[in-house]
Each structure stands twice: as C-alpha cells, then as structure tokens.
Amino acid sequence: LEDLLWAIVDNIGNILGYDDCVIYLVQRDVLVQVAAFGIKNPCDRQLLEQIEIPIGQGIVGSVAQTGKAEIIKDITKDSRYIHDQYLGQSELTIPVIFEGQVIAIIDSESETKGHYNQKDLAFLQIIANIAAPRIASAIYFRDLRQAQSELLNVNRALKHKMVELKENQDSLIQAEKMASVGLLASGIAHEINNPLSFSISNLSTLKQYLSEIKDTNTALLHCDGLPQGAKDIITGDHYQYILNDVADLTTETEQGLNRAKQIVSELTGYVRKDDGEITLLDVNQVLHSSLSLLNGELTQKVKVSLDLELVPKVLGSERKLTQVFMNII
C-alpha cells in the first residue's frame with residue numbers, strides 16, 4: 001500500500017508537472033495524509049506535519065462526503081479551505097471511489113489562480129479510477145495482515161492461557177487427590193486407633209496378671225505340703241524362662257503398640273491440619289513428628305542422630321513445615 005501510494009503521487013507530480021499533490025486515505029470518519037509530492041515531502045517518503053481532516057470539513061472533506069470532484073479556481077474566495085504547508089491559489093480535489101465508497105482523495109494545489117480546468121479534472125479522475133481497485137486491494141491485504149497478526153497474538157495468548165489452565169487444573173486434581181488421600185488416611189488411622197487402644201489396654205492388664213502369677217508362684221513355693229514334683233516344675237529353668245520371656249515379650253509388644261499409636265496420632269494430626277493454619281509451633285517437636293512418620297523409610301537405610309537445642313516457638317504452618325522436613329529427610 002505504501003509503495004503504491006507514493007508511486008501515484010510521484011507520477012502525478014512529475015509527469016503532469018504539478019507543484020503539489022497529496023493523497024488522503026479514509027480511516028473511519030477522518031482523512032489522513034499518507035503520501036505527498038512537493039513541499040509536503042521534504043525527504044524520501046516523509047510527510048511534513050501530517051494532518052487529519054474530518055470527513056465533511058474543508059474542501060477535501062467535502063469531496064470525500066459527496067464523492068464528487070471539485071475545481072477551486074480561487075482558494076481565497078472559498079471559506080472551506082484548510083491551510084497546510086503549501087499555500088496554494090487554486091485546488092483540484094478528486095475522490096477515489098471503489099464499489100460506491102470513497103476510499104481515498106487525490107488533492108493538488110497550484111500557486112496560480114485558475115490553474116486547473118475540466119481536462120485536468122477528467123484526466124486525474126481517470127487516474128483515480130484506475131488506482132481505485134489497486135488501492136482497495138492493497139488496503140484489504142494490509143488489513144488482512146493486521147488481522148492475521150492480531151489473530152496470531154490472540155492464539156499465542158490463548159495457548160498461554162490454556163497452559164496456565166492445564167497447570168491450574170493439574171494442581172486442582174492433585175489437591176483433590178491429596179484431599180482424598182488425606183480423608184482415606186484419616187479414616188484408616190481412626191479405624192487402626194481403636195484396636196490399638198484396646199490391645200494396649202489388654203497388654204497392660206496382662207502385665208498385671210503376670211506379676212500376680214509370679215507372686216502366686218512365690219507363695220506356693222513357701223507353702224507347706226507342696227509336693228516336691230510341683231516345686232521342681234515351678235523352679236525349673238524352662239518354666240522360669242517362659243515367665244521371664246512372657247514379661248519381655250509383653251513389654252516389647254506394648255512398646256511397639258504405643259509406637260504405632262503415636263504414629264497414627266501424628267498422621268491423623270498431619271492430615272487434619274489446614275494448609276493455611278498459622279499457629280505457634282515448636283520446630284523441634286515438628287521435626288520429631290516428621291521423623292516418626294518416616295521411621296519405616298529410614299530404619300533400614302540410615303541412622304538418624306539429633307542434636308537439638310531449645311528454641312522459642314514460632315508462627316507457622318505445622319503441616320507445611322512437616323512436609324518440608326519430610327521432603328528434605
């Protein structure tokens with residue numbers, strides 16, 4: 001489009017010998033200077049103080065509005081004239097019409113009055129008619145390229161938004177999974193906690209019974225009339241080994257069950273804590289809880305040694321800090 005318009009004004013100015021020639025393009029409701037020959041073009045393809053004229057104003061705007069060419073023999077007698085760099089005495093203004101619509105204006109001014117006649121008007125109108133479909137085509141391709149560029153930018157933005165949406169969707173799905181796992185873990189922990197509690201309670205009772213059995217055995221040994229065979233059984237190595245081993249097994253089992261109960265309790269607390277819950281917490285205690293949750297992972301692989309000092313409580317999210325410790329460990 002730019003090449004075409006500058007070629008038109010250059011040929012009109014040079015071949016027809018005009019002092020001045022300017023082409024205006026219709027852009028919405030205004031006429032915009034886009035190419036010129038003469039004083040308006042001081043350097044190659046540069047416009048001196050480009051102006052815009054609303055359609056309907058000035059001689060150029062009137063021709064754009066009516067679609068009819070005009071010859072102004074004496075500009076000083078026409079109140080519509082809008083002053084520009086070139087102060088002409090007469091003016092020839094031709095509409096460029098395509099499919100019934102004015103798409104551009106070719107305007108020429110002369111430094112002498114009455115310079116233009118009907119032959120100039122007819123000849124310049126022929127040029128405008130020949131140029132009209134070419135200018136319209138160039139405008140179409142310019143607009144098409146702009147539309148394609150805008151569409152490309154929109155597509156890029158859309159792809160970016162789709163990537164963001166996919167990431168957000170993945171995050172939401174992961175959050176839902178974690179929430180489901182949390183609910184499942186909480187339910188399982190609750191179900192495990194009940195049998196653990198009564199198992200620990202039963203073991204405690206069993207330890208009391210075992211103590212009473214030992215006391216009863218001691219009383220029997222000091223009881224008169226107890227057959228020697230019975231004494232030999234009670235004091236026998238095998239029987240004493242069983243009594244001692246039952247005591248050790250009971251203690252170890254109780255410790256294991258208490259350990260399991262502690263892990264279940266910490267797991268339940270970890271699952272139930274809200275991500276956004278900020279509370280005063282003991283960092284050392286959080287670290288201990290984290291190690292408890294990971295005890296099964298660490299037992300066969302590494303040896304953990306803690307050297308912790310007392311630290312003041314801090315504001316934070318226990319759940320998030322637990323996760324940080326677990327990830328690091």
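**Exercise 1. Which residue is the bridge partner of Ile23 in strand 6, and how is strand 1 placed among its neighbours?**

*Solution.* This is a predicted model, in which local features need pLDDT of at least 70 and side-chain atom pairs count only at pLDDT 80 or more, while totals for chains, interfaces and linings use all residues. Residues are numbered from 1 along each chain as its sequence is written, and side-chain values use heavy atoms, with hydrogens and water left out.

Step 1. The bridge partner of Ile23 in strand 6 is Ile106; helices (H or I, at least four residues) and strands (E, at least two) are DSSP runs numbered from the N terminus. Strand 1 and strand 6 pair in the antiparallel sense over four bridges, where pairing requires that DSSP finds at least two bridges between the strands.

Step 2. Strand 1 is also joined to strand 2, by seven bridges and again antiparallel. Along this pairing, Cys21 stands opposite Phe37, and Gln27 has Val30 as its bridge partner. The two strands form a hairpin with two residues between them, and Arg28 in the turn has a positive phi of about 60 degrees.

Step 3. Five of the seven residues of strand 1 are buried, which leaves the strand mostly covered; buried means under 20% relative accessible area, exposed over 50%, and partly exposed in between (1.4 Å probe, protein chains only).

**Exercise 2. In what order do the six strands form the open sheet? Work outwards to the edges, then add the helices that pack on the sheet.**

*Solution.* Step 1. The order is 3-2-1-6-5-4, with antiparallel pairing. Strand 3 and strand 4 stand at the edges with a single partner strand each, so one side of each has no neighbour in the sheet. From one strand to the next, the twist averages 25 degrees; axes are lines fitted to C-alpha atoms, for helices over the stretch in contact, and angles run from 0 to 180 degrees between N-to-C directions.

Step 2. Strand 2 is joined to strand 3 (residues 52–54) by three bridges in the antiparallel sense, and Val32 stands opposite Glu52 there. Because seven of the eight residues of strand 2 (residues 30–37) are buried, this strand is largely enclosed by the rest of the structure.

Step 3. Strand 5 and strand 6 run antiparallel and are joined by nine bridges, with Ile97 having Val102 in strand 6 as its bridge partner.

Step 4. Helix 1 packs on the sheet and touches strand 1, strand 2 and strand 6, its direction making about 55 degrees with that of strand 2; contact means heavy atoms within 4.5 Å. Helix 2 also packs on the sheet, where its direction makes about 30 degrees with that of strand 5.

**Exercise 3. Which residues of helix 2 are buried, and what do they pack against?**

*Solution.* Step 1. The buried residues are Gly58, Ile59, Val60, Gly61, Ser62, Val63 and Ala64. Since these make up seven of the nine residues of helix 2 (residues 58–66), the helix is largely enclosed by the rest of the structure.

Step 2. Their packing partners are strand 1, strand 2, strand 3, strand 4 (70–72), strand 5 (90–98) and strand 6.

Step 3. After helix 2 comes Gly67, whose phi is positive, near 75 degrees.

**Exercise 4. How many aromatic pairs does a search of the whole structure find? Classify each pair.**

*Solution.* Step 1. The search finds two aromatic pairs; rings of Phe, Tyr and Trp (its six-membered ring) pair if their centres lie within 6.5 Å, and planes under 30 degrees apart count as stacked, over 60 as edge-to-face and the rest as tilted.

Step 2. The ring centres of Tyr18 and Tyr116 are 5.6 Å apart and their planes stand at 90 degrees, so this pair is edge-to-face. Tyr18 lies in the loop between helix 1 (2–16) and strand 1 (21–27), and Tyr116 in the loop between strand 6 (101–110) and helix 3 (118–221), so the pair ties together parts that are 98 residues apart in sequence. Tyr18 counts as buried at 7% relative accessibility, as does Tyr116 at 2%.

Step 3. Tyr140 and Phe141 have ring centres 5.4 Å apart and planes at 70 degrees, so this pair is edge-to-face. Phe141, at 42% relative accessibility, counts as partly exposed.
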